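Reader: I would like a close look at a single part of this protein. Please take one helix and go through it from end to end.

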Amino acid sequence: IYIYIYIYITINMHLYMKVRHDRAGMDPLTLKHLVSCEASAGSRLLALGIWGDGVPCNWDRSESAECFTMNFPGQSGEFKPLRLPLTALSRKQISEHTWFDILGVLSWSLRLAAAGVWPVARHDASAFGKADCHRAKQAGQPLGVRAALAEVRGDWKMFGEVFGFPKWNTKAGVCWRCNCRPDQVSGNTNTTQTIHVQRNSGRER
């Protein structure tokens, strides 16, 4: 992630200023989280968003590429549709440990973005190799911007597979906010919200 920030923002200060300070289109909850991060960091931060989803990649939609992309939440101008691809893997190449490996690298990159410095070692704490000569030259230097992960977006399937959230057919419970079960949820989109209200008010049924 820090590579994308460096290439697309720091190297072009005009673009950097426009992206960094435009929050006109930011979701209120995203903005609230960003402001909280800025208070903790004692610095103005660039909001980053991560989106995970599978994209059909052949004519009969029988194969998909599982992607993580990055955007800059809140942009209202020409950079609003900007999406930077971070990963793209064939669905057939994914095992039970793939997401943990990918998120390990992404979280490492995000910590560097929050600190605003280039790394001094690889994501696994090993020394830079010959292929890392560019990063080695930048080691410990200011990145030119500090950033915070302000939102993560995806569908129910992605949140279940990547973060271990309960899925729509999990018998023990389908919701990450309460323990409602599939047999308690109908086709009504307000059902789970109603259950939350009932339980919070002591009127569960």
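Author: Take helix 3, whose buried residues pack against strand 1 (46-56) and strand 4 (147-154). This is a predicted model. The buried residues in question are Thr30, Leu34 and Glu38. Looking down the axis of helix 3, one finds these buried residues within an arc of 75 degrees, so they line one face of the helix. The face turned away from that buried side carries exposed residues: Pro28, Leu29, Lys32, Ala39 and Ser40.

Next, the length. Helix 3 covers residues 28-41, which makes 14 residues. The expected span is 1.5 Å times one less than the number of residues. For helix 3 that should give 20 Å, and the C-alpha atoms at its ends are 20 Å apart, so the two agree.

Now the two ends. At the N-terminal end, Asp27 acts as a cap: one of its side-chain oxygens lies 2.9 Å from the backbone nitrogen of Leu29. Just after helix 3 comes Gly42, with a positive phi of about 65 degrees.

Last, the setting. The protein chain has seven helices and four strands, and from the N terminus on its elements run α-α-α-β-β-β-α-α-β-α-α. Of its 205 residues, 38% are buried. Among contacts in the chain with a separation of 6 or more, 50% are between residues 24 or more positions apart. The accessible surface of the chain comes to about 12,400 Å², and 57% of this belongs to carbon and sulfur atoms.

Notes: Residues are numbered from 1 along each chain as its sequence is written. This is a predicted model: local features need pLDDT of at least 70, side-chain atom pairs count only at pLDDT 80 or more; totals for chains, interfaces and linings use all residues. Side-chain values use heavy atoms; hydrogens and water are left out. Helices (H or I, at least four residues) and strands (E, at least two) are DSSP runs, numbered from the N terminus. Buried means under 20% relative accessible area, exposed over 50%, partly exposed in between (1.4 Å probe, protein chains only). The arc is that of the directions from the helix axis to the C-beta atoms. Contact means heavy atoms within 4.5 Å. A polar contact is a pair of N or O atoms within 3.5 Å; within protein, one must be able to donate a hydrogen and the other to accept it, and residues adjacent in sequence count only if both atoms are side-chain atoms. Accessible areas come from the Shrake-Rupley method with a 1.4 Å probe; for residues, only the protein chains shown count as cover.
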